[in-house]
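Trainee: May we go through this model together, beginning with the terms?

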Amino acid sequence: MNRHGLTVRGLTVTGRTGTVIVDRLDLRIAPGEVLALVGPSGAGKTTVLRAVLGALPSGLRQASGRIEWHGAPVRAPRRWRRRTVGFLGQDPASALHPLLDARAAVREALPRSGRDGGEEERALAEVGLDPAGLGRRRPHQLSGGQAQRVALARALAADPELLVLDEFTSALDPAALVLVLERVRRRRGDGRSVTLIVSHDMAVVSELADHVVRLGPGEGSHVAPRPPVLPPAGKRRPGGAPVLEAHGLTIAQPPGGAPLLSDVDLTISAGEGVAVLGPSGSGKSTLLRVLAGLHPAGQGQAAAAGRPLPWPVTERGPAALRALALVGQNPLDVLNPARTVGAALARPLRTLRGLPRRTARAEVLRLLATVGLPEDLAHRYPAALSGGQRQRVALARALAGGPAVLLADEITAALDDRTAAQVLDLIDALRHRTGLAVLAATHDPAVAARADRVLRIEAGRLHPHPRSHDDDRRPSLDVL
Amino acid sequence: MKRVNGSAGPVPPVRAEQDVVTERRPRAVLVLGAVSGTVLVLALGGEAVAGHDAVAIVAPPWSRPAPGLPLGADALGRDVLARVLAGGRDLTLTSLAAALTASALGVAGGLWVGWSRGRLGRAAAGAADLLLALPLLLLALLAVVALPGPAAVVAGTVLGGTPLTLRVVADATAAARHAGYVEAALSRGERGGAVLLREVLPAHAGLVGADLGQRLVLAVQLAAALNVLGFGPAPPAPDWAAMLRENLQGLGLNAAATIAPAAALAILAGSVAALSHSLATRDGLS
Amino acid sequence: MPWPARALARTVLLMAAASVVIFLCTAALPGDAADVLGGGRAAPGELARLRAEQGLDRPLHARYLDWVTGVLTGDPGVSLITGRPIGELVAQRAGVTITLAVAALAVSVPVTAALAWAAARGPRWLRHPANAAVVAGAALPQAVVAAALVAWLSAAWGLFPPVSMLPAGEPAWSRPDLLVLPVLTLALPIAAYGAALLRGAIADVVARPYVRDAELRGLPPATIALRYVLPMIAAPATRLFAVTLGGLVAGTAVAETLFGLAGLGELLVTAISTRDVPVVQSVALLAAAVVVAGLAAADAPRRRRETARP
């Protein structure tokens, strides 16, 4: 038998309406090689994986092309996957059956003949789990990191000839990620193993992969947004008067419960960009939600643009309401599915700025231009927008009231690097041109790197975070 | 590191939105909506186009279809076509009233329960569970002891259907509380009631519509059951469900007398159910 | 509270609530038993005498307590129309209804499972027709199903008698040919309705990431069905079973009346049309008891699994 590894010839995948999602893709991975698929979100990376595995989701169809394994077309994809493929998905912990314990989960991946020799214990031990202690535990009795390792052990247990890893860098905790990287490195050059990875983390990709295949549009294609039309410079300058002040804020989650954050003092000046870092659950988002009035503060006061910010939000005066605007992280529900983009933008123009209907319509077009979106988007419903476009509309909606401070809650978390960079560029431009101040809750170093000041939440307190100007810029951003 | 660009030459054109766009199927919804609408209009206004009087005896019992009597005659020799055209109005009106009442109460209660998330809300959900323990038809049959048939249909649909609507709407509302568009509206100072009516309710219009369809189907089933059991309009008046019972024995003589009202009921309930189903699938609910 | 005690408390509470609803619906509303006894034309003095005789002039709660005490001690009273003890009436007719209900369950459970599976996970060519069958079947009024069955199986094919004149005193199961149509009339709509709910539960489980992941790992479909899907739908399925039971109990009224079977459903319908309130109350309470018992039984496995978790 020829050992050619994996060959994909002229793969074309179409959607229900005949739209081409993957067009005549060729791939070849020889034994001992690692190939990485990269590209912006929605470029079809996962679709390619599913097509290669012969398991396209319903609605997608392989219009043409061939998948060959060692020179022969794959005839029974399910059996081939079972025998040959190890698969680790985007969210490994959620891929575990809730009623199966760790050993049973790993045992599933082993061929029938290898199920008595303590193989599952070995596989668990290899990913740093103690089979005696954890082997009998079900997923809900494991920590998130342990559950990820069980899924990893399952993917690697049979030492699969073809290993497929889908966006594993974003979900795995650092220690598990190191294990995966090490394992992939060992597979490389062994003359047998074929490895296919999908990632948007260019640092990982450049280190691991023999080949990189980029999917999706190249430079200057139709997805690139038109350049934002920014308001004229010079109205407000960075480093001006304070636009947001908070003193002695104490925040409990849930309201009235144990304090999550105590004695928060915060001053932000016009045009300033401030990032708040901290582990998840530390209260970054809650701090922003408190300022936006969505969550009550236990103690303390805050003021924006010189106006006091009482709680609940309905007590706030019109000027205070205009001064702050919150943008959330989930592009899926950031916009009302029943409202067109135009209607979503017109509403704050009318409630916050009191514009009449006709003026508001014209202003909607100007807002769309500000965030670099075409005017005809005003008539579309959110379902017809990409994730990046939705976040831009959400940004436009936040800008509608003419805020002094933008509260940005992980706004790039659900976007791929390229789209995220475009959104961040836009916010930077607004900051420099119009004096908009930004308070961003984030765990993304790329966001923090753009801030003038970084604060960190540790043990329920907000501390300034020392940083030099050039240390933590992520290489991935520059590569992309 | 080598950089290979798909090795097929030019970069493949790719629809970037593919993963985000949920394919909507407005056409199925429109078609089924039109069908259901037509059926409802026919059921309500059919009497106007009937050629004969629906209660007049025009032919020997069980006459087979003949010119001027397209569906033949029923057990007493009355024109089946005229009776089918006239026999849907009361049943449809009753069902519509019942479904709209149950749905309106359930939506209002669900918005409130889902938004307030308080102890009262949990109590309401518990009470709703309690009502679910009693079969719908049994409730309607109990109601018919004291109330006239149509009122019993409304009572049964409300008692049995409102808790279901309430539950569905409450879950959707509780989930929408933390949606970006709701928080954006709240943080620009809009009041809870306005947010519920302007944001939450429109966003769940498909859900509410699908649910209303289900209540309507339920009400039609209930009305048909009560009328078949003889708790509907008094005998000479035409009614689809009562016709089924009157003419079942004559199936061998004039099948149309049974099949026509059965088909009318089936089309009414079926088209509404299909519309409801397509609304639910469009919004990814089922 | 441990779950057996809690389940018992819940069952008692549900039964108490059901009895109150039933009593209020039938006894507290205008038009009482005295009207029935007086034939609707009795003089006011006569009505008052009848009320006093029946104890209807006593306060509502006292009458409710009387009724409940009677039911609990095995004496639910007598029929207003025939004067016969209700216990005797029920015992006489229970056989037909139980036979009908058990047969309908035996038909509907496998049909429900097959339809739901075909609609949610069946081969692609089957999914669409199965879904259409589920939606249509769950929407059709029971009487329409009965008419279609009679038209098709009895009138067109001559397989079964259209109306079952069961000879008096003969047990229902002695003439299975008479039962086929009523059983199908009961079972098919309920199977479709159950399948609509079960399909949702299956689709919900199938969409979970660990099932999709299992498919990508190439596990055989049978393994996925038995190990991944079945245990997760056990709880909704048992609950569904209880709901189905309720529909079945109430549905016997239509099936028995249409096909001329003298069962409890027919007794209830007759009692309602003659306003024989004590009979209505007792039969309705019996139906509610069956449903509540079904709900309690459906809860048991769920509770057991939850308590097994730490």
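Mentor: Helices (H or I, at least four residues) and strands (E, at least two) are DSSP runs, numbered from the N terminus. The model is a predicted one: local features need pLDDT of at least 70, side-chain atom pairs count only at pLDDT 80 or more, and totals for chains, interfaces and linings use all residues. Residues are numbered from 1 along each chain as its sequence is written, while chains are lettered from A and ligands numbered from 1 in the order in which they are written.

Trainee: Which residue follows H11(C), and what is the sign of its phi?
Mentor: C:Arg275 comes after H11(C) and has a positive phi, near 55°.

Trainee: And how many residues of helix H11 of chain C are buried?
Mentor: A residue is buried if 20 or more other C-beta atoms lie within 10 Å of its own, exposed if 12 or fewer, and partly exposed in between, with C-beta atoms placed from the backbone. By that rule, eight of the ten residues of helix H11 (residues 264-273) are buried, and the helix is mostly covered. Among them are C:Leu264, C:Leu267, C:Leu268 and C:Ile272, and C:Glu266 is buried as well.

Trainee: Moving to H9 of chain C, which of its residues are buried?
Mentor: In helix H9 (residues 209-216), they are C:Tyr210, C:Asp213, C:Ala214 and C:Leu216. Viewed down the axis of H9(C), these fall within an arc of 160°, so they line one face of the helix. The arc is that of the directions from the helix axis to the C-beta atoms.

Trainee: What covers them?
Mentor: The cover includes H2 and E6 of chain A, together with helix H10 (221-259) of chain C. After H9(C) comes C:Gly218, with a positive phi near 80°.

Trainee: So chain A reaches chain C there. How many residues of each chain are in contact?
Mentor: Two residues are in contact if their C-beta atoms, placed from the backbone, lie within 7 Å. On that basis, 17 residues of chain A are in contact with ten residues of chain C. On the chain A side, the elements that give two or more residues are helix H2 (77-84) and strand E6 (85-88). H2(A) supplies the largest share, four residues.

Trainee: What is the residue make-up of that side of chain A?
Mentor: The residues touching chain C divide into eight nonpolar, three polar and six charged. Here Ala, Val, Leu, Ile, Met, Phe, Trp, Tyr, Cys and Pro count as nonpolar, Asp, Glu, Lys and Arg as charged, and the others, Gly among them, as polar.

Trainee: Where does E6(A) go from there; what does it join?
Mentor: Four bridges join E6(A) to E7(A), and the two run parallel. A:Val85 stands opposite A:Leu162 of E7(A). Strands count as paired if DSSP finds at least two bridges between them. E7(A) is also joined by five bridges to strand E8 (residues 194-198) of chain A, again running parallel. There, A:Leu163 has A:Thr195 as its bridge partner.

Trainee: Why is E7(A) described as largely enclosed?
Mentor: Five of the five residues of strand E7 (residues 162-166) are buried, so the rest of the structure largely encloses it. Both faces are covered, with A:Leu162, A:Val164 and A:Asp166 on one side and A:Leu163 and A:Leu165 on the other.

Trainee: Changing topic: in what order do the strands of the open sheet of chain A run?
Mentor: The order is E2-E1-E4-E5, with antiparallel pairing. Strand E2 (20-29) and strand E5 (72-73) are the edge strands, each pairing on one side only. Six bridges join strand E1 (residues 6-14) to E2(A). A:Thr14 has A:Val20 as its bridge partner, and A:Val13 stands opposite A:Val22. Their hairpin has five residues between the strands, and A:Gly18 takes a positive phi near 90°.

Trainee: Which helix lies across those strands?
Mentor: Helix H1 (residues 45-52) of chain A lies across E1, E2 and strand E4 (61-69), running at about 60° to E2(A). Axes are lines fitted to C-alpha atoms, for helices over the stretch in contact, and angles run from 0 to 180 degrees between N-to-C directions.

Trainee: Finally, how many helices and strands are there in chain B?
Mentor: Chain B has eleven helices and one strand. Of its 286 residues, 58% count as buried. Chain A comes to 17 helices and 19 strands, and 47% of its 480 residues count as buried.
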